[in-house]
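Biologist: Before we discuss this protein, I should like to see it. Please show the sequence and the structure.

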Amino acid sequence: MQALIKQALPQNDPLNRAILKTLEAGNWAGFLSAQQVEQLCADFTFEPFQLALYLLPVAACYSHTDVSHFNVGAVAIGQKGDFYFGANQEFANVAIQQTIHAEQSAISHAWLRGETQITHMVVNYTPCGHCRQFMNELQGAETLQIHLPHSLNNSLRDYLPDSFGPKDLDITSCLLAKEEHHLVANHDDELINQGILAANQSHCPYSESPHGIAMLFKSGEIISGRYAENAAFNPSLPALQTALNFAYLDHKKLTDIQRIVMVEKPIKLSHKSMTQQLLQALNLPALEYIKC
């Protein structure tokens, strides 16, 4: 990862050296705090979205593209100015629907870091219809600005006119808003508790079937993932994908995963078999399944 990023940012440039120093200080995680962004912008006379555009080749370094070999980078800018990197994540030998698009990657990354609203999405290629629909699920989607290297300051409506979304189904709770499914985390096993907490924060107003993932690493660190459902169904993002995506962007090695727990309340649908299939394809530990 570091080698790819260093190739994307030749160190003969002062800005590149400053970015590399900042990323290294954060152990190469694909995240810059608002304070770090502000400092870089002040030192090199950038506007935040201009810096985000500059960082797109770096974000693309976090891609895993075993199918397409086509890397896409994205940067989601949070309400307070934090930068959340995103990149497309592909998985060979499973259904192509398991893929994570770069915009989905950046959004779920922001969500798992506690972000409540994304104000700008910066991406190196025009968002596909799948991603436009996924972004339409966001809290604040009506004010979201999309920036491309060749086209700045676009609204989501510019890319998705006459859209269909949560409001058409009388859904008032949008993705990134605080959610509560009344699941109680009182298990003796902390990994299971983290899975319950993740399921409890799922966004699933259509199926009302929350699920969460918790992964234990050799270091003792736990990374969790939550289900992100969409009004159009197909752009939905299962919890395992959000957890794996976060691990990639946090510069973790999947080979360091020791246990994986899934907590699910399968009222109208279940993601168990799909989750097991992807874990098997990635040669990861067997799924520990908890049904609420």
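Modeller: What follows concerns salt bridges and one helix.

Modeller: This is a predicted model, in which local features need pLDDT of at least 70 and side-chain atom pairs count only at pLDDT 80 or more, while totals for chains, interfaces and linings use all residues. Residues are numbered from 1 along each chain as its sequence is written, and side-chain values use heavy atoms, with hydrogens and water left out.

Biologist: Why is the contact between Arg-259 and Asp-189 called a salt bridge?

Modeller: A salt bridge is a side-chain nitrogen of Lys or Arg within 4 Å of a carboxyl oxygen of Asp or Glu. The closest N and O atoms of Arg-259 and Asp-189 are 2.8 Å apart, so the pair satisfies that rule. Arg-259 lies in strand E9 (residues 257-264) and Asp-189 in the loop between helix H8 (156-159) and helix H9 (190-200), so that the pair, 70 residues apart, links distant parts of the chain. Helices (H or I, at least four residues) and strands (E, at least two) are DSSP runs, numbered from the N terminus.

Biologist: How many salt bridges does this rule give?

Modeller: The count comes to six. Among them is one between Arg-259 and Glu-288, at 2.8 Å from N to O. Glu-288 belongs to strand E10 (residues 287-291), 29 residues apart from Arg-259 in strand E9.

Biologist: What makes Arg-259 partly exposed?

Modeller: Buried means under 20% relative accessible area, exposed over 50%, and partly exposed in between, with a 1.4 Å probe and protein chains only. Arg-259 has a relative accessible area of 23%, and is therefore partly exposed. Asp-189, at 21%, is also partly exposed, as is Glu-288 at 28%.

Biologist: Which of Lys-252 and Asp-250 is buried, and which is partly exposed?

Modeller: Lys-252 has 21% relative accessibility and therefore counts as partly exposed, whereas Asp-250, at 12%, counts as buried. The two form a salt bridge, their closest N and O atoms being 2.5 Å apart. Salt bridges that share partners join Arg-113, Glu-221, Asp-250 and Lys-252 into one network.

Biologist: How do you know that helix H10 is largely enclosed by the rest of the structure?

Modeller: Eleven of the eleven residues of H10 (residues 239-249) are buried, so the helix is largely enclosed. The buried residues include Phe-246 and Tyr-248.

Biologist: What covers the buried residues of H10?

Modeller: The cover includes strand E3 (83-87), helix H6 (102-112), strand E7 (211-217), strand E8 (222-226) and helix H11 (272-281). After H10 comes His-251, whose phi is positive, near 60°.

Technical notes
Contact means heavy atoms within 4.5 Å.
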